[in-house]
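Me: I'd like to learn how to read a protein model, one feature at a time. Can we go through it together?

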Amino acid sequence: MEQQPRRRPAVRQACLSFVIALLAGLVLTGYMEVSRLQLERDRMGYIASSLGSETYEFMLSEMSKTRVLEAYLRQTGGSYEGFEKIADILLREECVRNVLFAPGGIVEGVFPLAGNEAVIGLNMYEDGAGNKEAQAAIAKKELYIAGPFELIQGGLGIAGRLPVFLEDENGGSTFWGIVSVTLDFPDALSGSSIERVNEQGFACRIWRINPDDGQKQVILETDTPLPEGCETVDYDQTLFNSVWTVSMASLRPWYRRSDLWLGVAVSLLVALLAAAGVYYAERLRQMKAEKSQKEIQRLQEQLEYEQGNMLLSQI
């Protein structure tokens with residue numbers, strides 16, 4: 001019965017050591033995990049910005065074709081007759097669906113005409129997919145990207161809308177109309193680096209807010225999509241007055257990573273070993289103290305016995 005109270009200090013110290021060691025291990029594991037997550041977020045941010053820049057460079061190359069159309073109109077005083085030879089050069093890439101001229105905002109000339117007949121007569125001042133961007137382009141006198149949206153002639157496309165203003169007799173600027181370049185979608189963006197994002201352990205989605213309905217519109221996405229409800233790293237890429245957002249996320253959430261749970265297991269093991277070491281060290285100290293106490297008691301008893309013998313011998 002006496003051993004039970006004697007063990008209590010050892011048990012208390014062992015429990016205290018276990019708690020301290022476990023907390024220290026968990027704090028260290030948590031710090032390492034937070035650092036890893038930050039590095040991962042930095043990496044995703046870099047990939048997202050690279051994808052945004054890649055998309056911008058491609059669009060810049062394709063949308064620069066609208067400047068060729070504008071320059072032709074300036075040179076001819078607003079006529080697009082004889083543009084066929086230049087159009088053949090602009091249409092060499094398979095992803096280019098057409099280039100068109102819309103004097104006063106109404107399409108009258110489209111190259112090539114074959115397969116695009118339905119576009120003739122399109123009034124960009126009316127309601128319709130891609131027309132809000134055309135109207136905004138006129139108001140701001142800047143190039144706008146519209147789409148992806150469903151084309152009148154069928155299929156999906158991305159279009160660059162550039163308003164053209166020509167110099168009038170008084171040296172002022174007069175609105176001529178709209179020139180546009182239409183790209184087939186998603187063919188135009190095939191070969192994007194987004195196709196290799198899954199291989200790096202991430203998921204990616206490129207999206208925009210569709211001005212026609214105010215809803216999120218997915219433009220491109222990896223084969224393995226973003227996990228539902230996941231926290232993403234977002235990068236906004238401005239593309240000629242349109243904003244495309246690149247969202248990145250890890251394919252494995254933090255709580256499913258083996259290295260995290262390995263750290264927790266190691267922390268628990270170290271805490272158990274520390275508690276066991278403290279317990280046995282304290283028990284050994286107690287045993288030595290008990291042994292010393294018994295030795296002192298034995299010596300005292302022996303001294304008393306000898307003193308008693310001496311007194312008896314003197315009587």
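Reply: Sure, starting with the vocabulary: helices (H or I, at least four residues) and strands (E, at least two) are DSSP runs, numbered from the N terminus. With that, you can place Leu162 in strand 4 (residues 156-167). Keep in mind that this is a predicted model, where local features need pLDDT of at least 70 and side-chain atom pairs count only at pLDDT 80 or more, while totals for chains, interfaces and linings use all residues. Residues are numbered from 1 along each chain as its sequence is written, and side-chain values use heavy atoms, leaving out hydrogens and water.

Me: Is Leu162 buried or exposed?

Reply: Buried means under 20% relative accessible area, exposed over 50%, and partly exposed in between (1.4 Å probe, protein chains only). Leu162 has 2% relative accessibility, so it counts as buried.

Me: Which residues does Leu162 touch, not counting those up to four places away in sequence?

Reply: Contact means heavy atoms within 4.5 Å. On that basis, Leu162 touches Thr66, Arg67, Glu70, Glu142, Leu143, Gly177, Ile178 and Val179, once residues up to four places away in sequence are set aside. Take Glu70: it sits 92 residues from Leu162 along the chain, yet their C-alpha atoms are separated by 8.1 Å.

Me: What about the surface? Which residues make a nonpolar patch there?

Reply: Patches are made of residues with over 30% relative accessible area and no salt bridge (a side-chain nitrogen of Lys or Arg within 4 Å of a carboxyl oxygen of Asp or Glu). Like charges are joined within 9 Å, and nonpolar side chains (Val, Leu, Ile, Met, Phe, Trp, Tyr) within 5 Å. The areas come from the Shrake-Rupley method with a 1.4 Å probe, and for residues only the protein chains shown count as cover. Here Leu28, Tyr31 and Met32 make a nonpolar patch of about 370 Å². Met32 belongs to helix 1 (residues 3-63) and is exposed, at 53% relative accessible area.

Me: Where are the cis peptide bonds to prolines?

Reply: Look at omega for these. The bond from Gly147 to Pro148 is cis, with omega near 10 degrees, and Pro148 lies in strand 3 (residues 144-150). Phe185 and Pro186 are also joined by a cis bond, with omega about 10 degrees; Pro186 is in the loop between strand 5 (173-185) and strand 6 (202-209).

Me: And which residue in the loop between helix 4 and strand 3 should I look at?

Reply: Try Lys141, in the loop between helix 4 (131-140) and strand 3. Its phi is positive, about 60 degrees, although Lys141 is not a glycine. Lys141 is exposed, with 55% relative accessible area.
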